[in-house]
Amino acid sequence: MLDTQSIINREWLTDSRQVTGRVDDVVFFAIQGEHHDGHNFIGDLYQKGVRQFVVERSALTPARRTELMNYPEAQFIEVDSSLQTLQSLASQHRRLFRIPVVGITGSNGKTIVKEWLAQLLADDFVIVKSPKSYNSQLGVPLSVHPLNDSHTLGIFEAGISQSHEMQALESVILPTIGLFTNIGTAHDEGFKSRKQKIAEKLRLFIHAQTLVYCKDYTEIDDEVNMLLKAVNPDMQLITWSMQGKDATYQAQLTQNWLTLTGPSGHVKLRLPFTDPASVENLIHCVVVMRCLKFFSQYALQARINRLRPVSMRLEQKEGINNCVLIDDSYNNDVAGLLLALRFLNQQSTRSRRVVILSDVLQSGQAEDELYEQVASLMQAAHVEQFIGIGPLVSRNARFFAPNSTFYETTDQFLTQFAFSDLRDSAVLVKGARPFSFERIVNRLQRKVHGTVLEINLDALTHNLNYYREKVGRSDGDAAHRPSTTKIMVMVKAFAYGSGSGEVAQLLQFHRVDYLAVAYADEGVSLRQNGVDLPIMVMNPAPETFATLLEYNLEPEIYSIRLLREWGEWVEGVGRGAEGVEQGEEAPRPAPSAPRPLHLKIDTGMHRLGFLEHELPDVIEYLKARPALCVATVFSHLVGADESQFNSFSEQQYDTFLRCTTALEAGLGYRPTRHLLNSAGIVRFPDYKLDMVRLGIGLYGVESSQLDTSAVRPVGTLRSVISQIKTVPAGESVGYSRRGVLDHDARIATLAIGYADGYDRRFGNGVGQVWVNGTRCPTVGNVCMDMTMIDVTNASAYEGDEVIIFGPEIPITELAHQIGTIPYEILTGVSERVKRVFFKEEN
Ligand SMILES: *Cc1c(COP(=O)(O)O)cnc(C)c1O
């Protein structure tokens with residue numbers, strides 16, 4: 001049996017996707033979450049060699065216990081809550097170290113302050129910190145666990161969304177220095193009042209020696225004095241103010257110069273960023289630095305000059321030579337490397353994997369041990385080509401596969417590497433800041449014109465989970481929940497413009513049950529991208545039948561004619577195959593399983609589908625052909641999103657039920673029945689039947705308008721300003737002199753036109769785009785590749801980004817402006833617009 005200490009000494013795994021390193025040392029904590037149950041993955045992990053599992057008693061149903069008996073070599077540690085076990089182990093581990101630990105909480109800026117502090121203090125301490133924004137009940141123990149003897153400083157962030165969450169985080173982080181960044185409205189729902197939220201956050205500091213905060217947040221100041229002082233009277237408060245409050249430091253900003261006056265005189269610092277949020281974050285950093293050790297003005301300035309903006313996400317970009325890039329060029333530590341490799345494994349549409357990695361700085365590990373570990377991660381992640389850049393990784397080349405290459409500096413790599421040899425690969429670019437890997441990304445990225453459609457993969461997952469919950473299905477693992485409604489996702493039309501390969505891979509990862517496309521070639525492209533979910537093809541032309549069979553695609557059958565053609569074809573192939581296989585040596589072919597097809601019933605759309613009175617013929621035909629089977633039967637609502645058609649929808653449902661009952665009786669078995677699209681799922685939950693077909697809702701438009709805030713926008717269409725000029729009143733802008741100006745105007749030309757999908761109807765002020773926080777109207781006609789807008793009232797420069805649609809300007813609003821539906825806006829974004837996929841990594 002494992003004792004506590006030996007669990008602490010092992011590697012912890014909570015996400016089954018993260019198996020990228022050696023597994024013999026791993027203990028897996030199975031956690032039951034809202035959308036995910038870790039216990040469903042024990043079998044997978046056992047297959048991969050994991051042997052130690054922490055499991056929750058409440059998850060051990062008799063069926064589960066029987067399943068676990070199939071894993072004889074595994075050890076199971078039964079606990080009430082895996083998460084709480086993880087937290088208490090981390091807390092135990094934390095207590096072995098007597099180093100300063102900075103604990104950060106607050107509404108905004110936690111992650112940036114943490115990353116900046118780590119950048120600023122990199123020369124002075126060996127730092128362990130939370131990767132990305134790992135600040136949750138789960139993220140915090142995972143962040144603290146790597147703490148070891150070589151570290152001299154810990155920096156961790158704690159985020160809470162509900163009352164009573166902070167206690168556990170306090171016990172894991174046990175900060176010696178606290179920082180309360182600020183208070184805002186995020187997560188207010190989880191609390192009774194703002195006061196209560198502040199009070200709960202302050203619990204992080206009940207054992208801290210020092211607390212840093214800004215006195216200008218008077219609500220924070222009040223609660224510190226009322227509550228915290230009572231429980232932690234010896235705590236030293238180090239405060240600052242920009243508004244002349246009675247604080248330890250007075251801060252003053254004049255243009256980009258910050259003067260900080262405190263107990264040991266004043267320092268004057270030039271700041272690289274002057275937006276209010278960055279200034280606040282920087283002051284927090286400087287004050288915390290001063291709590292840790294003395295820095296002269298000169299030393300502070302030198303460190304601030306090296307600060308870089310913090311990018312919080314892994315981006316997937318299109319690369320040169322048909323490569324896919326995963327850009328993680330802002331930091332490089334082992335925890336972040338694991339996340340990035342996981343992303344590489346999950347998202348790449350290319351099977352050949354390449355990693356370009358800089359020295360790993362600040363790991364706190366012995367050099368040999370570190371690079372041996374990095375090399376084994378590469379091997380476990382099936383990286384075919386490894387490229388190391390930097391003196392440290394280069395001198396540890398012996399650990400890496402023989403085909404690896406090494407360069408002392410980024411410059412050397414850029415001048416010597418044969419970029420034309422890098423093709424058809426997924427390339428992870430990950431480097432510590434000083435290596436400036438953004439130059440490598442720049443070199444590897446395919447250059448296209450400045451318009452991109454960004455797809456937020458986390459929003460997509462969120463939306464999927466929302467609809468899953470609506471149909472009462474909280475997990476993708478069918479084996480353990482056989483009685484729930486399945487989900488078919490429509491990825492037709494390039495996944496509503498979002499990029500079908502990447503979207504389908506994500507859906508496969510989340511184990512949806514079915515995909516549907518309009519045409520056979522869309523299905524083929526999914527198969528070529530490694531998607532092996534069942535796929536329904538809604539418009540299967542007879543010329544594509546061979547393709548359907550070859551790629552295991554399943555046709556929608558909507559007429560007697562099509563049924564006969566398909567039936568003859570399938571039977572013909574069956575006979576042909578037998579003829580071929582009758583050679584003397586060949587083993588007798590097993591009777592092949594019947595071919596699945598999908599029957600479409602026309603209950604009122606009058607587009608494709610069988611009418612009710614045609615069903616007897618269908619049944620008769622199918623009964624005589626055992627080579628065919630009806631996998632599913634379905635129909636489509638005409639007006640699921642509009643209440644004026646409610647009674648028609650009911651009528652369609654009734655007709656559909658009559659049809660399926662007749663079919664079942666005639667066929668002698670029960671095909672899966674499905675009727676609802678996205679709006680139907682929200683508006684007619686009683687009609688969910690055996691499966692639903694999710695479309696536009698997944699892509700971020702809640703078309704029933706009942707629950708609009710429940711789905712998150714997925715796509716952001718951005719372009720850039722190519723040129724700005726001042727045009728006097730009375731002149732005209734664009735073709736046909738349509739845009740006549742009634743004022744002296746600053747006119748910006750955007751790199752997007754109707755050929756990109758920005759409809760001509762948006763011209764002449766109908767459409768507005770978002771420029772640095774201001775909505776700006778179009779001027780004149782939209783051109784093929786360009787559009788002019790009026791930026792007189794905006795702060796705008798050449799090269800600035802503009803947003804056409806996204807969280808700032810909803811797609812529904814655009815649709816409304818030109819009298820169409822969101823579907824047309826989404827699918828109208830042309831394929832020449834580059835798609836960039838990203839994760840927020842929260
Ligand atoms: C496109 C489509 C859907 C999805 O509809 P949404 O309104 O996008 O959810 C469902 N069923 C059929 C037959 C479709 O063609």
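The buried residues of helix 9 pack against four elements: strand 8 (177–180), helix 8 (194–202), strand 9 (210–214) and strand 10 (236–241). Those buried residues are Ile220, Asp221, Glu223, Val224 and Leu228. This is a predicted model.

Helix 9 covers residues 218–231. Its 14 residues should span 20 Å at 1.5 Å a residue, and its end C-alpha atoms are 20 Å apart, so expectation and model agree. Yet helix 9 has a kink of about 40°. The kink is centred on Val224, and Val224 is one of the buried residues of the helix. A general rule helps in reading such lists: an α-helix has 3.6 residues a turn, so residues three or four places apart point the same way.

**A second helix and its packing**

Helix 20 runs through residues 520–528. Ala520, Glu522, Gly523, Val524, Leu526 and Arg527 are buried in it. What do these buried residues pack against? They meet helix 18, helix 19 (500–509), strand 22 (514–517), strand 23 (535–537) and helix 21 (545–550). After helix 20 comes Gly530, with a positive phi near 80°.

**Lys492 and the ligand**

Helix 18 holds Lys492 and spans residues 492–496. Lys492 has 25% relative accessibility, so it counts as partly exposed. Leaving aside neighbours within four places in sequence, Lys492 is in contact with Ala516, Val517, Ala518, Glu522 and Met538. One of these partners, Glu522, is a buried residue of helix 20.

Which residues lie around the ligand? They are Met490, Lys492, Tyr496, Met538, Arg607, His636, Asn677, Ser678, Arg693, Gly695, Ile696 and Tyr823. Met538 is in this group and also touches Lys492. The table gives three approaches to oxygen atoms of the ligand.

| Residue | Atom of the residue | Distance to a ligand oxygen atom |
|---|---|---|
| Lys492 | polar side-chain atom | 2.5 Å |
| Tyr496 | polar side-chain atom | 2.6 Å |
| Gly695 | backbone N or O atom | 3.2 Å |

Lys492 and Tyr496 use side-chain atoms here. Gly695 uses a backbone atom.

An unreviewed UniProt entry lists Lys492 under "modified residue: N6-(pyridoxal phosphate)lysine".

**Two listed active-site residues**

For "active site", the unreviewed UniProt entry lists Lys492 and Tyr735. Why do they not all gather at one spot? They span 244 residues in sequence, and the farthest two C-alpha atoms are 35.5 Å apart, so they do not all gather at one spot.

Is Tyr735 buried or exposed? Tyr735 has 57% relative accessibility, so it counts as exposed. Tyr735 sits in the loop between strand 30 (732–733) and strand 31 (739–740). Not counting residues up to four places away in sequence, Tyr735 touches Asn781 and Cys783.

**A buried strand residue**

Val354 lies in strand 16, which covers residues 352–358. Its relative accessibility is 0%, so Val354 counts as buried. Which residues does Val354 contact, leaving aside its neighbours within four places in sequence? They are Val383, Gln385, Ile387, Leu422, Ser425, Ala426, Val427 and Leu428.

Tyr621 is far off by comparison with a contact: Val354 and Tyr621 are 53 Å apart in space, C-alpha to C-alpha. In sequence, Val354 and Tyr621 are 267 residues apart.

How values were computed
Residues numbered from 1 in each chain as written. Predicted model: local features only at pLDDT ≥ 70, side-chain atom pairs only at ≥ 80, totals over all residues. Heavy atoms only, no water. UniProt positions renumbered as here; feature names shortened; annotations may be inferred. Helix = DSSP H or I, 4+ residues; strand = E, 2+ residues; numbered from the N terminus. Buried < 20%, exposed > 50% of the residue type's maximum accessible area, 1.4 Å probe, protein only. Contact = heavy atoms within 4.5 Å. Expected span 1.5 Å × (residues − 1). Bend = angle between axes of the 7 residues up to and from the residue. Near = heavy atom within 4 Å. Polar contact = N/O pair within 3.5 Å; in protein donor to acceptor, adjacent residues only side chain to side chain.
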